[in-house]
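Welcome, and please take a moment to look over the model below. The notes that follow walk through a handful of its features.

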Amino acid sequence: MSLQNVLRQTTVQDAIAQPGEIMEPPAFQAFYDSTSAPLRSYLTRLAGSRTVAEDLAQEAFIRLMQASPRYESPAQLKSYLYRTATNLFTDRWRKRRREAPLDARPSEPAGDATVVDVDLERALDKLKPRDRAMVWLAYVEGLDHREIAGVFSVHERSVRVILFRARKKLASLLEKGGRS
Amino acid sequence: MNGCPREAAILRAVRAGADGDLSVSEHLESCSSCRETASLARRLGALALSERAQLGEPQVNATQVWWKAYLRRRRSRTDEATGALRIAELAVPLALTVVAGVAALLAMPTPWQQAVRGLLEETGATVAGAPGWALALSAAAALALAGTSAWALLHRLRPRAETTRKS
Ligand SMILES: [Zn+2]
């Protein structure tokens with residue numbers, strides 16, 4: 001064995017992630033169990049595809065774990081998770097839009113024949129992806145305006161205005177049965 | 001533009017299933033903005049519930065995700081650690097090449113040798129008295145070493161660059 005190989009093996013051994021550098025398995029299990037389904041649901045709503053949502057959610061969790069020592073409270077972790085997932089979706093959406101212009105949302109339906117509120121789904125699809133995401137985070141996930149502002153890196157006041165307009169638009173669309 | 005100041009509280013109550021509370025229901029009767037918010041929150045909540053029921057189990061479980069994160073962390077730390085080694089690998093042949101170049105110049109006949117010796121003497125280095133054959137030999141040895149190191153470096157960098165691209 002050459003000296004270089006010996007040196008390299010020693011370095012690799014030393015480089016193995018130490019306990020505490022990423023979230024411990026029990027803590028991660030608990031966090032994953034409580035956030036995985038809501039996150040996948042949010043991403044499915046955004047991306048319009050369960051497969052894409054699965055991939056994005058997995059990547060968001062992996063990135064969260066690597067950054068987790070910097071985020072202490074569950075609320076901070078959740079906020080970071082949604083911010084990461086949203087950024088991953090945005091990057092993907094921009095890339096796909098550059099490659100082939102798309103409508104606001106890809107074509108694969110989010111749900112199947114058992115969807116309870118087709119009008120609402122249709123109305124949500126009429127919103128811009130960012131507005132739809134904000135509505136979902138506020139109304140379904142219960143994030144407050146400050147947290148949503150953190151997810152999208154915008155001012156809290158902008159969140160209030162966007163949510164107000166989105167709600168008005170949804171109400172108007174739902175009055176017409178989800179059609180514009 | 002911003003709706004009712006009680007909207008956030010009403011939204012929290014609806015999400016918690018407490019919209020039947022007297023104070024909430026009374027406000028909802030009198031505030032159309034909050035009625036709109038509550039109605040939307042109920043419908044979105046029902047949609048989310050049905051969607052989650054359809055989503056089923058994730059393709060990968062928590063343990064698998066944890067291991068993926070662990071392995072990625074380990075790989076990035078390995079890359080950081082080997083980065084220093086790669087810099088050293090680059091620096092060694094570079095230094096040897098410089099030494100070989102200087103030695104080769106010193107072994108050259110005058111006036112080149114005179115000029116370089118003069119330059120070295122100006123900067124405080126002394127090569128005076130070194131015989132020509134010693135300088136030529138050291139130049140050849142340094143060139144051979146530099147060549148071997150450069151070859152080893154190129155040979156090792158290429159496969160690693162491919163691995164990096166794949167990951
Ligand atoms: Zn109100």
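## The two chains at a glance

Among contacts in chain A between residues at least 6 apart in sequence, 66% join residues at least 24 apart. In chain B, the corresponding share of such contacts is 55%. Please keep in mind that this is a predicted model.

Chain A holds 8 helices and 0 strands, so its pattern from the N terminus on reads α-α-α-α-α-α-α-α. It has 180 residues, and 49% of them are buried. Chain B comes with 6 helices and 0 strands, arranged along the sequence as α-α-α-α-α-α. Of its 167 residues, 31% count as buried.

## The zinc site in chain B

Which residues hold the zinc ion? The protein donors are B:C4, B:C31 and B:C34, each through SG, together with B:H27 through NE2. These donors lie 2.0 to 2.3 Å from the zinc ion. Along the chain, they follow the spacing C-x22-H-x3-C-x2-C.

What does the site tie together? B:C4 sits in the segment before helix 1 (7-15) of chain B, while B:C34 belongs to helix 3 (residues 32-55) of chain B, so this pair links parts that are 30 residues apart in sequence. Both B:C4 and B:C34 are buried.

Why is the arrangement called tetrahedral? The 4 donor atoms subtend angles of 101 to 118 degrees around the zinc ion, which makes it so. The test asks that all angles of four donors lie between 85 and 135 degrees. For comparison, the ideal angle for four tetrahedral donors is 109.5 degrees.

## Where helix 8 of chain A meets helix 3 of chain B

Helix 3 of chain B, home of the zinc donor B:C34, also has a partner in the other chain: helix 8 (residues 156-175) of chain A. The axes of these two helices come within 11 Å and cross at roughly 75 degrees. That makes helix 8 of chain A roughly perpendicular to helix 3 of chain B, because angles of 65 to 115 degrees count as such.

On the chain A side, the residues in this contact are A:R167, A:K168, A:L170, A:A171 and A:L174. They meet B:S33, B:E36, B:T37, B:L40 and B:R43 in helix 3 of chain B. Sorted by class, the contact has 4 nonpolar, 2 polar and 4 charged residues.

## Three places in chain A

Two loops of chain A are worth a visit. A:E141 is found in the loop between helix 6 (129-139) and helix 7 of chain A. Is A:E141 buried or exposed? At 7% relative accessibility, A:E141 counts as buried, because the cut-off for that class is under 20%. Leaving aside neighbours within four places in sequence, A:E141 is in contact with residues of chain A, namely A:P38, A:K78, A:Y82 and A:W136. The list of contacts of A:E141 also includes B:R15 and B:R52 from chain B.

The loop between helix 7 (145-152) and helix 8 of chain A holds A:S153. Here the phi angle is near 50 degrees, a positive value in a residue other than glycine. A:S153 is exposed, with a relative accessible area of 63%. Turning to a helix, A:T44 is located in helix 2 (residues 25-47) of chain A and is buried, at 1% relative accessibility. A:T44 and A:A57 are 13 residues apart in sequence, and their C-alpha atoms are 9.7 Å apart in space.

## Two places in the helices of chain B

B:G101 lies in helix 4 (residues 62-107) of chain B. With 32% relative accessibility, B:G101 counts as partly exposed. How far apart in space are B:G101 and B:A140? From C-alpha to C-alpha they are 9.8 Å apart, with their positions 39 residues apart in sequence numbering.

B:S149 belongs to helix 6 (residues 132-166) of chain B. Not counting residues up to four places away in sequence, B:S149 touches B:V92, B:P93 and B:L96. B:S149 and B:T97 are 52 residues apart in sequence, yet 9.7 Å apart in space, C-alpha to C-alpha.

Methods
Residues numbered from 1 in each chain as written. Chains lettered and ligands numbered in written order. Predicted model: local features only at pLDDT ≥ 70, side-chain atom pairs only at ≥ 80, totals over all residues. Heavy atoms only, no water. Donors = N, O, S within 2.8 Å, 3.2 Å for Na, K, Ca; no water. Tetrahedral: all angles 85-135°; square planar, octahedral: opposite > 155°, others 65-115°. Helix = DSSP H or I, 4+ residues; strand = E, 2+ residues; numbered from the N terminus. Buried < 20%, exposed > 50% of the residue type's maximum accessible area, 1.4 Å probe, protein only. Axes fitted to C-alpha atoms, helices over the stretch in contact; angles between N-to-C directions. Parallel < 35°, antiparallel > 145°, perpendicular 65-115°, else oblique. Contact = heavy atoms within 4.5 Å. Nonpolar A, V, L, I, M, F, W, Y, C, P; charged D, E, K, R; others polar.
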